[in-house]
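Biologist: I am new to this structure and would be grateful for a close look at one part of it, namely how its aromatic rings are arranged. Please then set that part in its surroundings.

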Amino acid sequence: MAARCHLAARFHRVHGANVRLDASCTRATRVESFANGLCFSQEPLAPGQIFLVEIEEKELGWCGHLRVGLTAHDPQSLEVVPEYSLPDLVNMGNSWVFAITRSHNRVAVDGEEAPVRARGLPWEPFLLIEQVRIPRDTLVGRSRPGRYSHILDDLYKMNVLPATARRSRIGVLYAPQPDGTADMHIIINGEDMGPSARRLPTTRPLYAVVDVFASTKSVRVIPVEYGFPSLQTLCRLVIQKHIVHRLAIDGLDLPPPLKSFCKHE
């Protein structure tokens, strides 16, 4: 799974007409208008694998925000990339896409009331979604280093900022079910919003969908570590326990690459 996760943590070279990818295919920027910003994961996702993006830039003057989801359409097979994920891609069938909000991204079973999502404590090290276990540290957005970054970082951890705020991290995954189908989950800053769609087919490959729409101008893919965290991540966690805010990292006797990782990633 590790090799596939590495490949999927990039954008597909097939994308909307107004999207420009960087050389690494990990950053997608909509360069004009408010539409034609559709992007896909480079590879299909594995069961339980999250495709995670961070909102890097916003653009004032538009109504609407980032949209994410899954599709069973191979991007390479599309004759034309749809202008919008909603409704165009969804109307093609076998696609499940939602605008990012906290209020309606979960569904009930057979007409029952949607259950209240169980919120994990922000300091719990892992996010648990059924049988899926993901390190929480990477899932949570972080502010840019500054005088108040330690305060803003706590707001990201508590997930009280607007869901589509700059530096928020949004993820999508599917969790297999006993009947052979899957539930799609959307994660906002380390919090599972509950099943957004149910009974997705698992017999076909499922690609992540990211629509860089309207006020969301640029996003970047965040690679997620599974299993044991890397030594770099462990070092950052230890350092963060002993500083008030990230500006203090400049005064530490550390290699510059580790300083940069601790401050910005």
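Modeller: The account below begins with the chain as a whole, turns to the aromatic rings, and then follows their surroundings outward.

This is a predicted model, in which local features need pLDDT of at least 70 and side-chain atom pairs count only at pLDDT 80 or more, while totals for chains, interfaces and linings use all residues. Residues are numbered from 1 along each chain as its sequence is written, and side-chain values use heavy atoms, with hydrogens and water left out.

The secondary structure of the protein chain comes to 5 helices and 13 strands; helices (H or I, at least four residues) and strands (E, at least two) are DSSP runs numbered from the N terminus. Of the 265 residues of the chain, 50% count as buried. Buried means under 20% relative accessible area, exposed over 50%, and partly exposed in between, with a 1.4 Å probe and protein chains only. Contact means heavy atoms within 4.5 Å. Among contacts between residues at least 6 apart in sequence, 69% join residues at least 24 apart.

The aromatic rings are the part to examine closely. Rings of Phe, Tyr and Trp (its six-membered ring) pair if their centres lie within 6.5 Å; planes under 30 degrees apart count as stacked, over 60 as edge-to-face and the rest as tilted. By this rule the count comes to 5 aromatic pairs. One of them joins F34 and Y84, a tilted pair with 6.3 Å from centre to centre and 35° between the planes. F34 lies in the loop between β2 (27-30) and β3 (38-40), and Y84 in the loop between β5 and α2 (85-91), so this pair ties together parts that are 50 residues apart in sequence.

F34 itself is partly exposed, with a relative accessible area of 29%. The rings of F34 and F213 have their centres 6.1 Å apart and their planes at 70°, so this pair is edge-to-face. Because F34 lies in the loop between β2 and β3 and F213 in the loop between β12 (207-211) and β13 (216-221), the pair ties together parts that are 179 residues apart in sequence. F213 is buried, at 7% relative accessible area. Together, F34, W62, Y84 and F213 form one aromatic cluster.

A charge also meets this cluster: the charged end of R67 sits over the ring of F213, 3.9 Å from its centre. The term requires NZ of Lys or CZ of Arg within 6 Å of the ring centre and within 35 degrees of the ring normal. The charged end of R133 likewise sits over the ring of F126, 3.6 Å from its centre.

Strand β5, residues 67-71, also includes T71, which is buried with a relative accessible area of 0%. Leaving aside neighbours within four places in sequence, T71 is in contact with residues including F40, L89, W96, P205 and Y207. The side chain of T71 makes a polar contact with the side chain of S95, at 2.7 Å. A polar contact is a pair of N or O atoms within 3.5 Å; within protein, one must be able to donate a hydrogen and the other to accept it, and residues adjacent in sequence count only if both atoms are side-chain atoms.

T216, in strand β13, counts as buried at 0% relative accessibility. Apart from neighbours within four places in sequence, T216 is in contact with R30, I55, E57, K58, H65 and L66.

L66 also belongs to the largest nonpolar core, which has 33 residues; those with the most contacts inside it are F11, F51, V53, L66, V210 and V219. Such a core is a set of buried Ala, Val, Leu, Ile, Met, Phe, Trp, Tyr and Cys residues joined through side-chain atoms within 4.5 Å. Elements giving two or more residues to this core include β4 (51-58), β5, β12 and β13, and β10 gives the most, with 4 residues. V53 is in contact with F11, L66, V210 and V219, among others, when neighbours within four places in sequence are left aside. Apart from this core lies another, of 11 residues, among them I50, L127, L139 and V224.
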